[in-house]
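Trainee: Could you take me through one small part of this protein up close? I'd like to see how you would read a single spot, step by step.

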Amino acid sequence: MKFLVVLVCILLAWKVGETGSDAPETLAPLAPGALSTKETFLVLSLHNKLRSKVQPPAANMQKLEWSEELGRLAGARAASCLEGPAPPPAPQLGWSETLMPAGAGGFGAVLELWFAEGHRYDYGTGRCASNATCRHYTQLVWATAGRLGCGRHRCVGSHGPSEAFACGYSPGGNWEAAGAPVLPYQRGPWCSLCTAALSGCFKSWDHGGGLCEVPRNPCRMSCRNGGRLDVSSCRCACARGYTGRYCQVRCSGQCLHGRLRTQECSCLCHAGYGGAECGTKVRFPFHACDVQIDGECFMVSPEADTYYGAKIKCQEKGAMLAHIRTQKVQDILAFYLSRLETGNRVTDTDFETGNFWIGLTYKPAKATFRWDVGETSSFTSFAFGQPDNQGFGNCVEMQAAAAFNWNDQRCKTRNRYICQFAQEHISLWQRDP
């Protein structure tokens with residue numbers, strides 16, 4: 001009996017909730033000429049798909065976004081069945097519209113027809129073939145248009161039912177300058193002329209073409225280990241105990257026989273000591289130099305590691321990643337590396353390139369490349385076109401494909417590396433043979 005009472009109470013409460021203020025509201029009917037949510041998505045997607053297929057390719061074609069305001073204007077224009085003259089183009093608004101027999105196809109067919117006008121368009125002259133129109137096409141592919149709104153309405157006329165289609169674009173297009181038509185876009189590799197505000201490059205599902213867009217993450221990076229990204233400067237504010245561009249480097253904590261590099265949270269050991277905290281006494285000598293230049297000893301690793309891993313490996317030997325401060329050192333090392341028989345030297349096959357780490361990194365806070373000891377790099381030997389910051393490469397390698405000139409690379413890449421023993425190390429060897 002008690003169970004039945006509870007069940008009745010639940011049913012009554014549900015019934016009251018269904019008819020009360022929490023009941024789901026009935027969706028308001030669409031205004032005349034307005035598109036449904038589904039059709040809005042399809043029309044916008046097809047616009048962007050067609051814009052990413054223009055030939056010749058467009059270097060500055062923007063990705064369109066839907067505008068509710070333009071959608072209302074276009075819906076009202078379609079609901080008028082396109083009676084009267086089309087709204088005159090304004091600096092911030094351009095129009096495309098057409099009247100089709102009912103049943104001839106939806107917006108997909110209309111947009112394909114507008115885009116097909118491009119077959120008669122000559123990009124070189126900016127003009128359409130004689131007795132033809134290309135204004136729908138040029139407006140559809142007007143590169144700097146960023147907002148879109150469209151409407152559709154079924155009309156009844158003396159010649160039978162028809163459908164009106166209208167689209168508004170902002171900013172508009174189809175301009176002329178000194179009597180010559182302005183070209184709708186700049187030709188060139190996709191996304192190669194995007195503006196700073198539209199530095200993202202939207203790729204369609206088949207990776208064809210590319211459209212300039214506002215990047216969701218303008219910095220295209222994320223901060224690790226609890227760090228916070230400052231979008232205005234594209235820098236990470238690292239949590240305590242971490243450093244590096246992405247807060248990926250953990251601080252050592254103390255340097256027993258050395259000094260702490262606060263920017264990297266790593267130790268720079270005194271001569272004769274190695275290890276992450278400079279707590280290991282290194283016995284000299286322990287290795288014959290691969291190359292000796294003006295009293296400096298350089299050792300080429302037979303293994304591979306990330307930049308920071310290579311730095312620690314050199315430090316464990318009482319050395320540091322190589323510092324190349326003169327053209328003479330660069331030339332001799334480049335010659336030696338080019339003659340190296342890698343098959344006989346590499347004991348660790350898990351390396352990604354034939355390149356070699358040196359002790360140079362980019363410091364975002366200083367906006368310069370600096371050696372691990374903190375000095376600015378007055379001498380550089382970057383390859384042509386480098387540094388290009390591809391993949392946010394903050395660490396520097398000697399690149400085999402560029403005659404062992406330098407390239408900025410992602411620090412987590414596994415390369416071989418070059419350790420350097422300074423004059424003070426050599427003097428220790430001489431005192432303690």
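**Two neighbouring tyrosines and a helix**

Mentor: Let's start with Tyr 308, which is partly exposed at a relative accessible area of 23%. Buried means under 20% and exposed over 50%, with partly exposed in between (1.4 Å probe, protein chains only). Its neighbour Tyr 307 has 0% relative accessibility and counts as buried. Keep in mind that this is a predicted model: local features need pLDDT of at least 70, side-chain atom pairs count only at pLDDT 80 or more, and totals for chains, interfaces and linings use all residues. Residues are numbered from 1 along each chain as its sequence is written, and side-chain values use heavy atoms, leaving out hydrogens and water.

Now look at the rings. Rings of Phe, Tyr and Trp (its six-membered ring) pair if their centres lie within 6.5 Å; planes under 30 degrees apart are stacked, over 60 edge-to-face, and the rest tilted. That gives 12 aromatic pairs here. In one of them, the ring centres of Tyr 307 and Tyr 308 are 5.2 Å apart and the planes stand at 85 degrees, so this pair is edge-to-face. Tyr 307 also pairs with Trp 357, again edge-to-face, with 5.6 Å from centre to centre and 85 degrees between the planes. Check where those two sit: Tyr 307 is in helix H6 (residues 307-316) and Trp 357 is in strand S22 (residues 356-363), so the pair ties together parts 50 residues apart in sequence. Helices (H or I, at least four residues) and strands (E, at least two) are DSSP runs, numbered from the N terminus. Tyr 307 and Trp 357 are both buried.

Stay with H6 for a moment. Besides Tyr 307, the buried residues in H6 are Gly 309, Ala 310, Lys 311, Cys 314 and Gln 315. After H6 comes Gly 318, and its phi is positive, near 85 degrees.

Two of those buried residues, Lys 311 and Gln 315, turn up again at a cavity: they help to line the largest one, together with Leu 268, Ala 319, Met 320, Leu 321 and Asp 372. H6 and strand S21 (320-321) are the elements that give two or more residues to this lining. A cavity is a set of points on a 1 Å grid where a 1.4 Å probe fits but cannot get out, and lining residues have an atom within 4 Å of a point. There is one cavity of 30 Å³ or more, and the largest holds about 50 Å³ of space.

Aromatic rings gather elsewhere too. Tyr 362, Phe 369, Trp 371, Phe 379, Phe 382 and Trp 406 form one aromatic cluster. A further aromatic residue worth a look is Phe 404, in the loop between S24 (395-399) and strand S25 (405-409). Phe 404 has a positive phi of about 65 degrees although it is not a glycine, and Phe 404 is buried, with a relative accessible area of 7%. Another loop, between strand S23 (368-371) and S24, holds Pro 387. The peptide bond joining Gln 386 and Pro 387 is cis, with omega about -5 degrees.

Finally, zoom out. The protein has nine helices and 26 strands, and 44% of its 433 residues count as buried.

Conventions. 1 Å grid on protein atoms, 1.4 Å probe; cavity = no way out; pocket = protein on both sides within 12 Å on 5 of 7 lines; lining within 4 Å. Points joined across faces, edges and corners; volume = space filled by probe spheres on them.
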